[in-house]
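Biologist: Please take a close look at the surroundings of the ligand and describe which parts of the chain form them. I would then like to see how that part is set within the rest of the fold.

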Amino acid sequence: MNQVTIKFKYIIVACTFLLVLFIILLKNLTADEQNDNETTKTTEKWKFPEDLDHANYLLNEAYRKIEVLEEKIISLEGRVPKTYPDVNFLNYLNRKRILITGGAGFVGSHLVDSLMLEGHEVIVVDNFFTGRKRNVEHWLGHENFELIHHDIVNPLFIEVDEIYHLASPASPPHYMHNPVKTIKTNTLGTINILGLARRLNAKILIASTSEVYGDPDIHPQPETYWGHVNPIGPRACYDEGKRVSETLTYAYAKQESMQVRVARIFNTYGPRMHLNDGRVVSNFILQALQNDVITVYGSGDQTRSFQYVSDLVEGMVALMNSNYSLPVNLGNPVEHTITEFASIIKNLVGGHSKVVHVSEVEDDPQRRRPDIGRAKQYLNWEPKVDLNTGLHKTVEYFRQELKRFKYSHRNKFKIKKPS
Ligand SMILES: O=C(O)[C@H]1O[C@H](OP(=O)(O)OP(=O)(O)OC[C@H]2O[C@@H](n3ccc(=O)[nH]c3=O)[C@H](O)[C@@H]2O)[C@H](O)[C@@H](O)[C@@H]1O
C-alpha cells in the first residue's frame, strides 16, 4: 500500500470519528433542552403560596412529618439489636440450664434477662397467650438462649436443672377472659411441669399470687393466713387455680421428695406490661397520658401495695437459691388506696385527666399488703425501688408504647373495662 492510500484512510477514520462526536453532542443538547422545558413545566405546576402564613404552615407540617419519621426510624433501629447484652461467663460447674415457663411474659422476660446476664442457659416455653416474642427478642439467636412455642397444658420433654414456673395469665381481665383455660393452665399445666421436675430431679419454683388470700380479713397478710376466697366467683378460676397449684406442689414435694419453692407475688408493675394488660397501673398511666378520664372502680378506698418488677425478680432468684421451701410473700409493703394511686399517677404524668368513679368489680379484694417478714428473714430480701422511681420508668415505657401504637394503628388506644 502506498503512502497516499494510507494517509487517505487516516483522514476517512478521523472524519468518521468527528461525525460520531458531532451526533452525540447534538443529542445531548436536545436532551438538555427537553429537561429544561420539563423543569420549567414542573416549576409552573408548583406555585409558591402567596400567603406567607400558609407557606409557614406548610413548612411546619413538613418539619412535623419529618420529625415523626425520624422518631419512627429511631424506634425501629432500637428494635434491631446489633450485639447481645454482655453476659457473665460461668464454667460448666456453675452454669445451669434453666426452664422458664411463661418466659415471654411481663415478669418472665425480666427474669430471663437476669438469668441470662448471670451466664446461665435459659429455655423459655410460652404459648404467647399473653406473652410476646418482642419481650425476649434481644436474646433470639444467642447461644445460651432458646425459645419454644408450647402450651404447658400438654406434656413437655426437655432436660433442665431448674424450673421457674410462671405460665398463667395474671391480669384479671385476661384470666377471666377464658376461665376454663386459666384453671387448666394452673392445674394440668402445673402437673405437667411438676412431673417434668420430678423426672429430672430439678428444683422448681412456682409463681403463686397474693390472690390466694382472696378478699382478706387479716391485714397485712402473712403466709400463715389461709385466705378468704369465693370458690365460685369470677376470680375463682385464678385464685383457686393458684391454690390448687400450691397444693399440687406440696403434694409432689412430700410424696416425691422434691425441692420446691413457692413465691406469692403481690401487685407488680414495670416496663413490658401489655397495653391491654387491664391492671390498675397500666390503665391509669395510659389514661393519664392520653388525657382520658382515670377510671376508679368502686369507692377507690380499696388498697394495694405495688412492687417494681426488678425487686420481684431479685426476690424470686433469692428464693430459688435459698433452702426455704414454704411459701414466701414477695411484694412491697407500701400501701395506697386506689384513689390515692390515681392522684399519684395524675401528678406524675401531668395533663388534664379527671378522676371518675365507675361501678365496682365483683369480689374485688378490699385491702392488700404483704407481710414480708419471711422474705427478710430467710432470703435477706426486701424491695429497693420506691414507687416514684419505678413509676417514672413505667410511664416512659408506656409513652413509647403509645407512639408505636399510633404508628401502627393510626388511632388512639382505648381501654375496655372488664364486664
Ligand atoms: O398485679 C398483681 O400482681 C396482681 O394483680 C391482680 O390483682 P388486682 O390487685 O385485682 O389487680 P388490678 O386489676 O391492678 O386492680 C387493683 C385495684 O385497682 C382497681 N382498678 C383497676 C383498674 C382500673 O382501671 N381501675 C381500678 O380502679 C381494681 O378494682 C382493684 O381494686 C391479679 O389478679 C394478681 O394475680 C396479680 O398478682
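Modeller: In what follows, helices and strands are DSSP runs, numbered from the N terminus, with at least four residues for a helix and at least two for a strand. The model is a predicted one.

The shell around the ligand draws its largest share, 3 residues, from strand S8. S8 spans residues 294-297, and both this strand and helix H7, residues 280-289, supply at least two residues of the shell. Of the 21 residues around the ligand, those that come nearest are Asn267, Arg279, Val280, Asn283 and Tyr297. Val280 and Asn283 fall within the range of H7, while Tyr297 falls within that of S8. Sorted by class, the shell contains 10 nonpolar, 7 polar and 4 charged residues.

Helix H7 also leads to another part of the chain. Thr394, a residue of helix H11 (residues 387-409), is in contact with Val281 and Ile285 as well as with Tyr269, Gly270 and Pro271, once its neighbours within four places in sequence are left aside. Val281 and Ile285 belong to the stretch 280-289 that forms H7, and Tyr269 belongs to strand S7, residues 268-269. Thr394 and Tyr269 are 125 residues apart along the chain, yet 7.6 Å separates their C-alpha atoms. Thr394 has 23 other C-beta atoms within 10 Å and is therefore buried, since 20 or more are needed for that label.

The loop between S7 and H7 holds Arg272. Its phi is near 80 degrees, a positive value in a residue that is not glycine. Arg272 counts as buried because 22 C-beta neighbours lie inside 10 Å. Asp363 offers a second case of positive phi outside glycine, at about 60 degrees. Asp363 sits in the loop between strand S13 (355-358) and helix H10 (373-379), and with 15 C-beta neighbours inside 10 Å, Asp363 counts as partly exposed. A further backbone feature is the cis peptide bond from His219 to Pro220, whose omega is near -15 degrees. Pro220 is located in the loop that links strand S5 (203-209) to helix H6 (236-256).

Strand S5 leads into a set of parallel pairings elsewhere in the chain. S5 pairs with S4 in the parallel sense over 4 bridges, and within that pairing Ile163 faces Ile204 of S5. S4, residues 162-165, is covered on both faces: Glu162 and Tyr164 on one side, and Ile163 and His165 on the other, are all buried. S4 is also paired with S1, again in the parallel sense and over 4 bridges. There the bridge partner of Ile98 is Glu162 in S4.

From S1 (residues 97-101) the pairings continue to S2, to which S1 is joined by 5 bridges, the two strands running parallel. Leu99 has Ile123 of S2 as its bridge partner. Between these strands the chain passes through helix H3 (residues 106-118), making a β-α-β crossover that is right-handed. S2 pairs in turn with strand S3 (residues 145-149), over 5 bridges in the parallel sense, and here Ile123 stands opposite Glu146. Ile123 thus takes part in the pairing on either count, with Leu99 and with Glu146 of S3. Because 5 of the 6 residues of S2 (residues 121-126) are buried, this strand is largely enclosed by the rest of the structure.

These parts belong to a protein chain with 11 helices and 13 strands. The chain has a radius of gyration of 32 Å, well over the 22 Å that the globule rule gives for 419 residues, so the chain is more spread out than a compact globule. Along the principal axes, its C-alpha atoms fill a box of roughly 120 × 65 × 35 Å. Buried residues account for 35% of the 419 residues. Among contacts with a separation of 6 or more, 80% are between residues 24 or more positions apart; the contact of Thr394 with Tyr269, across 125 residues, is one of this kind.

Key
Residues numbered from 1 in each chain as written. Predicted model: local features only at pLDDT ≥ 70, side-chain atom pairs only at ≥ 80, totals over all residues. Near = placed C-beta within 6 Å. Nonpolar A, V, L, I, M, F, W, Y, C, P; charged D, E, K, R; others polar. Buried ≥ 20, exposed ≤ 12 C-beta atoms within 10 Å, placed from the backbone. Pairing = 2+ DSSP bridges. Right-handed = clockwise from strand over helix to strand, strands pointing away. Rg over C-alpha atoms; globule rule 2.2 N^0.38 Å. Contact = placed C-beta atoms within 7 Å.
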